[in-house]
Amino acid sequence: MKINKLRYLSAAAGIATVVAGGVAIAPLASADTSTSIGAHVVDQRAKTFELVGKQTSLEDLDLGRAGISPGDQRVIHEDLYRDGEKVGDHSVVCTYTHVNPAALQCLGTFSLPEGQFAAQALLHLPAPSYVDVGITGGSGDYRNARGFVRTVPAGDTERHFTVHLKR
């Protein structure tokens, strides 16, 4: 059972680090339907940017029956980088809500110089090759944040994030 728990929690770690924040670097385009030719207008409030999360700590908490059971948690902290420079940090807690098949409720908060934003997802294991996580709100420059973060594992302790943020 210990090997199964490690396998499930290892997969959860990859998924758990699914949300990140950072400084916007590229606007998204949106269609303007007010003209017959369908001209595109840039939405200055929509931003997409890339980050890398590098895990700095991880703790598995077996809070119920021995082995994986509802209520067990994985707690993760990561440093967030852009272009090799540390720009913030991220903490996430994933809680098992179901065991067979495995489902985890993950809640994360991401801190950046401009403010913080939060995201959450219900994750099912085995994990897909990427996960989209909904942004649920924020503070500072992110106080009206919504959108999603796509995360792609890049090894056991690193994640690549593409943040699709609307402010």
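**View 1. Strands β6 and β7 meet in an antiparallel pairing of 4 bridges.** Welcome to this predicted model, where we begin with β7, the strand of residues 131-138. Within this pairing, Gln 120 has Gly 134 of β7 as its bridge partner. The two strands make up a hairpin, and 6 residues lie between them. If you follow the loop between β6 and β7, you will come across Pro 126. The peptide bond that links Leu 125 to Pro 126 is cis, with an omega of about 5 degrees.

**View 2. Strand β6 shows a covered face and an uncovered face.** On the covered side you will find Gly 115, Phe 117, Ala 119, Ala 121 and Leu 123. The uncovered side carries Gln 116, Ala 118, Gln 120, Leu 122 and His 124. Two residues are handy for orientation here. Phe 117, from the covered face, counts as buried because its relative accessibility is 1%. Ala 118, from the uncovered face, stands opposite Thr 109. Gln 120 also belongs to the uncovered face, and its bridge partner in β7 is Gly 134.

**View 3. Strands β5 and β6 run antiparallel and are joined by 10 bridges.** In this view β6 covers residues 115-124, while β5 spans residues 103-112. The turn from β5 into β6 is a hairpin of 2 residues. Two facing pairs help you find the register: Thr 109 stands opposite Ala 118, and Phe 110 stands opposite Phe 117.

**View 4. Phe 110 and Phe 117 form a tilted aromatic pair.** The structure holds 2 aromatic pairs. In the pair formed by Phe 110 and Phe 117, the ring centres are 6.2 Å apart and the planes make an angle of 35 degrees. That angle is neither under 30 degrees nor over 60 degrees, so the pair is classed as tilted. Tyr 142 joins Phe 110 and Phe 117 in one aromatic cluster. Are these two phenylalanines buried or exposed? Phe 110 is buried, because its relative accessibility is 0%. Phe 117 is buried as well, at 1%.

**View 5. Strands β4 and β5 pair in the antiparallel sense over 9 bridges.** Strand β4 takes in residues 85-98. Here Phe 110 appears again, this time with His 90 standing opposite. A hairpin of 4 residues connects β4 to β5. Pro 101 sits in the loop between these two strands. Which bond should you look at in this loop? The peptide bond from Asn 100 to Pro 101 is cis, and its omega is near 5 degrees. Most peptide bonds, by contrast, are trans.

**View 6. Asp 83 has a positive phi of about 55 degrees, although it is not a glycine.** Most residues other than glycine have a negative phi. You will find Asp 83 in the loop between β3 and β4. Asp 83 counts as exposed because its relative accessibility is 77%, and the cut-off for that label is over 50%.

**View 7. Ser 69 is buried in the loop between β2 and β3.** The flanking strands are β2, residues 40-61, and β3, residues 73-82. Why does Ser 69 count as buried? The relative accessible area of Ser 69 is 2%, which is under the 20% limit, so the label applies. Setting aside neighbours within four places in sequence, Ser 69 is in contact with Gly 64, Tyr 96 and Val 99.

**View 8. The charged end of Lys 54 sits over the ring of Tyr 81.** The distance from the charged end to the ring centre is 5.0 Å.

**View 9. The whole chain follows the pattern α-β-β-β-β-β-β-β-β-β along the sequence.** How many elements does that give? The chain has 1 helix and 9 strands. Of its 167 residues, 37% are buried. About 8700 Å² of the chain is exposed, and carbon and sulfur atoms supply 54% of that area. Of the contacts between residues at least 6 apart in sequence, 47% join residues at least 24 apart. On confidence, the chain has an average pLDDT of 79, and 72% of the residues score at least 70. Please take care with residues 1-42, where pLDDT stays under 50. The model has 104 contacts beyond four places in sequence for residues 1-42. Where pLDDT is low, the predicted coordinates should not be read in detail.

Technical notes: Residues numbered from 1 in each chain as written. Predicted model: local features only at pLDDT ≥ 70, side-chain atom pairs only at ≥ 80, totals over all residues. Heavy atoms only, no water. Pairing = 2+ DSSP bridges. Phe/Tyr/Trp six-rings, centres within 6.5 Å; stacked < 30°, edge-to-face > 60°. Buried < 20%, exposed > 50% of the residue type's maximum accessible area, 1.4 Å probe, protein only. Lys NZ or Arg CZ within 6 Å of the ring centre and 35° of its normal. Contact = heavy atoms within 4.5 Å. pLDDT = per-residue confidence, 0-100. Areas by Shrake-Rupley, 256 points an atom, 1.4 Å probe, with all protein chains shown as cover.
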